[in-house]
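Open the model in your viewer, switch to a cartoon view and keep the selection box handy. We will go through it stop by stop.

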Amino acid sequence: MKKVYLETFGCQMNVSDSERVATSLQSKGFEITTQQESADIVLINTCSVREKAEHKLYTRVGEVRNAAGRKPFVGVMGCVAQLDGETLFQKIAGVDFVVGTRAVGRVSQAIEHVLEHQDTYIDLGERDIDYEWSVAENQRHSPYVAFVPIIEGCNKFCTYCIVPFSRGREVSLSASEIVRQVLEYRRQGVKEIHLIGQNVNSYRPKTESGLEEFAGRTPFSRLLRAVAATGIERIKFTTSFPRDFHADIVDAINEHPNLCNWVHLPVQSGSSDVLRRMRRGHTVESYFKKVDALKDSARDIALTTDIIVGFPGETEKDFLDTVAMVDRCGFDSAYIFKYSPRPGTPAFAMKDDVTPAEKTRRFRELEAVQKRVQRKRLERYRGKKVEVLAERVSARNPDDLAGHSTCHKLVNFPASKRLLGNIVNVRIVDIKSNTLYGEIC
Ligand code: 5AD
Ligand code: SF4
């Protein structure tokens, strides 16, 4: 039995693709191994959203090639595979096969080809019509949490972003298929599902199938209601896009306790000038309105975001507006990135005029402000009871379990392993910089 070692970089969509690739390889008689040294094939699922992520591929292929012992075949899938295609064979010595983002259903064919013919192979084709979206129980990243893709690709073309090129145009899955998967996961004991997509609010399936009985202003809010009706304990969704994030999403959250109180709504900048050049389709003011609608909810909805510093032309004033915006919004957490020019995107043609040192200064300054904001936000949980899904034994302390709250905070608490997979009430007694600590109550 040939052994495949699968390594994943990047977003949840990549994690989800890898889970499905592992599921399909396993069903075709391959063994998925966690030991790279014993693998016949090393498959790297790549990310191209920033240059640093892309460099990881170069480093990893080098390491695999130079490792002592047997020399496995090396395959590259994911966003770098899709974007670089054929050129990867020249760019990186030792790559044997390349599989694009929509060809992941045919990884086994690529592997069989290289094993049999001992030469290179590339597939950048489209998805098969009968592509299998389900993930086997033993290939999910968690026994209790499952990722359910609802929309692939992106049509927004924000000027800095490579995703519309690496993942193609938006394609939505049918609601009846999504509901079927959620029901199946529920039967298997999954407690929490994440509806995932680059821009979930744009969800627009070809047919009404599965949505017929559910009202709402947008197909996405109708889907939320349809999934809530499955009775699965917890539903989270990511990523949202400010311009398409309408009030009916908050209404759906208010109506259904199993729609969790967490929204990830990337803002990217606190300057409307920069947002215009990013072609985000929202202004700082329109973003504030969405945030206010969230904060008006009777549920305590946690808000997280993404921010880019050092976009071309970002002035000190623009940056200070971003700092003020972070203070005003009170994000529960924020992923901050230094702008990284991506070949092929519209912003690549703009002058990358914020120096690396200045990007680092802005990054650090914003991070410090966000840390302060976050600390204050987290303080509101002290003494409060939160519902936590006991997902795993804590990496730090074998006597503690770790899991996420409904508001997507990581919570550690002392408890017996027997509680794994249960949703438990935890009273928060301590606040760390990114996590909460509590006791079962
Ligand atoms: N440079 C820096 N950050 C980027 N992101 C996307 N493209 C770039 C880029 N070229 C960030 C955005 C996005 C997150 C997933 O990655 O903030 O929301
Ligand atoms: Fe990229 Fe913008 Fe699409 Fe998000 S919405 S994936 S940032 S193009």
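What follows is a short tour that goes from the domains to the sheet, the ligands, a helix pair and a barrel. Keep in mind that this is a predicted model.

**Stop 1: the domains**

Start by colouring the chain by its domain assignment: domain 1 covers 3-123, domain 2 covers 137-379 and domain 3 covers 385-440. If you place a marker at the C-alpha centre of domain 1 and another at that of domain 3, the two lie 35 Å apart.

**Stop 2: the open sheet**

Now select residues 3-123, the span of domain 1. In what order do the six strands of the open sheet run? Going across, you meet E2-E1-E3-E4-E5-E6, with parallel pairing. Strand E2 (31-33) and strand E6 (121-123) are the edges; each has a single partner strand, so one side of each is left without a neighbour in the sheet. Neighbouring strands here are turned by 25° against each other on average, direction ignored.

Zoom in on strand E1, residues 3-8, which pairs with E2 in the parallel sense over three bridges. Pick Val4 and look across to E2, where Ile32 is its bridge partner.

Next, show the helices that lie on this sheet. Helix H1 (residues 12-27) lies across E1, E2, strand E3 (41-46) and strand E4 (73-78), and runs at about 170° to E1. Helix H2, residues 51-66, also packs on the sheet; H2 touches E1, E3 and E4, and its direction makes about 170° with that of E3.

**Stop 3: the two ligands**

Select ligand 1 and show the residues around it. Among them are Val49, Arg50, Tyr160, Cys161, Asp306, Phe337 and Arg342. Which classes make up this shell? Seven residues are nonpolar, two are polar and three are charged.

Move on to ligand 2, whose surroundings include Cys154, Lys156, Phe157, Cys158, Cys161, Gln198, Asn199 and Phe241. Its shell divides into seven nonpolar, two polar and one charged residue. Leave Cys161 displayed while you look back and forth: Cys161 belongs to the surroundings of ligand 1 and to those of ligand 2.

**Stop 4: a helix pair**

Select helix H8 (residues 219-228) together with helix H9 (residues 247-255). They pack at an angle of about 10°, with their axes 9 Å apart. Angles under 35 degrees count as roughly parallel, and H8 and H9 are therefore roughly parallel to each other.

Turn on the side chains where they meet: Phe220, Ser221, Leu224 and Arg225 come from H8, while Asp248, Ile249 and Ala252 come from H9. By class, this contact has four nonpolar, one polar and two charged residues.

**Stop 5: the barrel**

Finally, look for a closed barrel of five strands, running E15-E16-E17-E19-E18 with mixed pairing. From one strand to the next, the twist averages 50°.

Select strand E16 (residues 400-405) and strand E17 (residues 410-414), which pair in the antiparallel sense over five bridges. Leu401 has Phe413 in E17 as its bridge partner, and His404 has Leu410. E16 and E17 form a hairpin with four residues between them, and His408 in the turn has a positive phi of about 65°.

Which way does E17 pair with strand E19 (residues 435-440)? This pairing is parallel, over three bridges. Click on Leu410 once more to end the tour: its bridge partner in E19 is Thr435.

Notes
Residues are numbered from 1 along each chain as its sequence is written. Chains are lettered from A and ligands numbered from 1 in the order in which they are written. This is a predicted model: local features need pLDDT of at least 70, side-chain atom pairs count only at pLDDT 80 or more; totals for chains, interfaces and linings use all residues. Two strands pair if DSSP finds at least two bridges between them. Helices (H or I, at least four residues) and strands (E, at least two) are DSSP runs, numbered from the N terminus. Axes are lines fitted to C-alpha atoms, for helices over the stretch in contact, and angles run from 0 to 180 degrees between N-to-C directions. Two residues are in contact if their C-beta atoms, placed from the backbone, lie within 7 Å. A residue is near a molecule or strand if its C-beta atom, placed from the backbone, lies within 6 Å of it. Ala, Val, Leu, Ile, Met, Phe, Trp, Tyr, Cys and Pro count as nonpolar, Asp, Glu, Lys and Arg as charged, and the others, Gly among them, as polar. Angles under 35 degrees count as roughly parallel, over 145 as roughly antiparallel, 65 to 115 as roughly perpendicular and the rest as oblique. Domain bounds come from an automatic or database domain assignment.
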